[in-house]
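Q: I'd like a close look at one part of this model, side chains included, and then how that part sits in the rest of the chain. Could you walk me through it in one go?

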Amino acid sequence: KKRTGICIGQSYKANPHKVKLIEDIIKSFNIKYSTRSDKSNCSTIVEFSGELALQLRSIFPNKELTYEFINAISLRQKKILFDSMIAGDGTIRPSGNIRYCTCSIQNAETFQYLCVLLGCNCNISISKRSLKNPKHKDYK
C-alpha cells in the first residue's frame with residue numbers, strides 16, 4: 001500500500017517548544033492535521049495528508065535529502081533548510097559548534113554538503129553510542 005500521509009514526531013517532554021513550532025508551521029499552511037501521543041506517551045506525533053503531503057513524498061520518496069534538491073533551491077532556502085534541520089535534529093553548542101544527528105548516512109552526507117555551500121566547516125563521525133550498538137548508527 002502506498003503511503004500518502006506525513007507523520008512528524010517530537011518529544012513533548014524534552015522539547016515542548018518544538019512541538020508547538022511544528023504545529024504552528026503546519027497551521028500556517030491552512031491544512032487539517034491531527035496529533036496523538038506515541039506508544040511511550042513521551043512524544044507527540046503530528047499527522048497530515050492531502051496535496052502538501054503528496055508533494056513532500058514525491059520530493060523525498062525515501063525520506064532522505066538529496067543533492068539535487070539542495071542544488072535546486074536558492075541560498076535563502078538553503079539557510080531555511082539548514083535552520084529547520086538544526087531545529088529538528090540538531091543543536092548549536094555554546095562554543096558555536098553545530099551538531100546534527102541522523103541515522104541515515106545519506107542525510108549526514110547531504111547535510112555536510114549543505115554546510116559547505118553555506119560556508120560552514122563540517123565533518124561526519126559516528127557517535128559513541130553507535131560503536132556500542134552496531135545495529136544503531138548515529139551520524140553527527
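A: **Close-up**

Let's start with Arg36, which is partly exposed, its relative accessible area being 42%. Keep in mind that we're looking at a predicted model. What does Arg36 form a salt bridge with? The partner is Glu47, and the closest N and O atoms of the pair are 3.2 Å apart. Arg36 belongs to strand 2 (residues 33–37) and Glu47 to strand 3 (residues 43–48), so the salt bridge ties together parts 11 residues apart in sequence. Glu47 is partly exposed too, with a relative accessible area of 23%. The cut-off for buried is under 20%, so the 23% of Glu47 still counts as partly exposed.

Now for the backbone under that pair. Strands 2 and 3 run antiparallel, and 5 bridges join them. One pairing you can pick out is Tyr33 with Phe48, its bridge partner in strand 3.

Zoom out a step and you get the sheet. There are 3 strands in it, the sheet is open, the order is 1-3-2 and the pairing is antiparallel. Strand 1 (6–11) and strand 2 stand at the edges with a single partner strand each, so each of them has one side without a neighbour in the sheet. From one strand to the next, the twist averages 20°. Put that together with the salt bridge: Arg36 sits in strand 2, and strand 2 is one of the edge strands.

The connection between the two bridged strands deserves a stop as well. Cys42 is in the loop that links strand 2 and strand 3. Is Cys42 buried, partly exposed or exposed? With 27% relative accessibility, Cys42 falls in the partly exposed class. Which residues does Cys42 touch, leaving aside those up to four places away in sequence? They are Ser11, Tyr12 and Lys13. For Ser11, the C-alpha to C-alpha distance to Cys42 is 5.8 Å, although 31 residues separate the two in sequence. Strand 1 covers 6–11, so with these contacts the loop of Cys42 meets the chain around Ser11.

Next, walk backwards in sequence from strand 2. The loop between helix 1 and strand 2 holds Asn30. Asn30 isn't a glycine, yet its phi is positive, at about 55°. It is also exposed, with a relative accessible area of 70%. Another non-glycine with a positive phi is Lys63, at about 60°. You'll find Lys63 in the loop between helix 2 (51–59) and helix 3 (67–72), and it is exposed at 65% relative accessible area. If you check backbone dihedrals, here are those two together: about 55° for Asn30 and about 60° for Lys63.

On the other side of the Asn30 loop is helix 1 (residues 16–28), where Ile25 has its place. Ile25 is partly exposed, at 43% relative accessible area. Together with Leu21 and Phe29, Ile25 forms a nonpolar patch on the surface, and the three share about 290 Å² of accessible area.

Helix 1 brings a salt bridge of its own. The side chains of Lys20 and Asp24 meet at 2.8 Å, N to O. Why do these two sit about one helical turn apart? They are 4 residues apart in helix 1, which means about one turn between them. Lys20 counts as exposed at 52% relative accessibility, while Asp24 is partly exposed at 33%. A search of the whole structure comes up with 2 salt bridges; so you have now met the strand-to-strand pair, Arg36 with Glu47, and the pair within the helix, Lys20 with Asp24.

Finally, here's how the part fits the whole. The protein chain has 6 helices and 5 strands, and from the N terminus they come in the order β-α-β-β-α-α-α-β-β-α-α. Of the 140 residues in the protein chain, 26% are buried. Among contacts with a separation of 6 or more, 51% link residues 24 or more positions apart. The accessible surface of the protein chain is about 9800 Å², with 54% of that belonging to carbon and sulfur atoms.

How values were computed:
Residues are numbered from 1 along each chain as its sequence is written. This is a predicted model: local features need pLDDT of at least 70, side-chain atom pairs count only at pLDDT 80 or more; totals for chains, interfaces and linings use all residues. Side-chain values use heavy atoms; hydrogens and water are left out. Buried means under 20% relative accessible area, exposed over 50%, partly exposed in between (1.4 Å probe, protein chains only). Contact means heavy atoms within 4.5 Å. Accessible areas come from the Shrake-Rupley method with a 1.4 Å probe; for residues, only the protein chains shown count as cover. Patches are made of residues with over 30% relative accessible area and no salt bridge: like charges are joined within 9 Å, nonpolar side chains (Val, Leu, Ile, Met, Phe, Trp, Tyr) within 5 Å. A salt bridge is a side-chain nitrogen of Lys or Arg within 4 Å of a carboxyl oxygen of Asp or Glu. Two strands pair if DSSP finds at least two bridges between them. Axes are lines fitted to C-alpha atoms, for helices over the stretch in contact, and angles run from 0 to 180 degrees between N-to-C directions.
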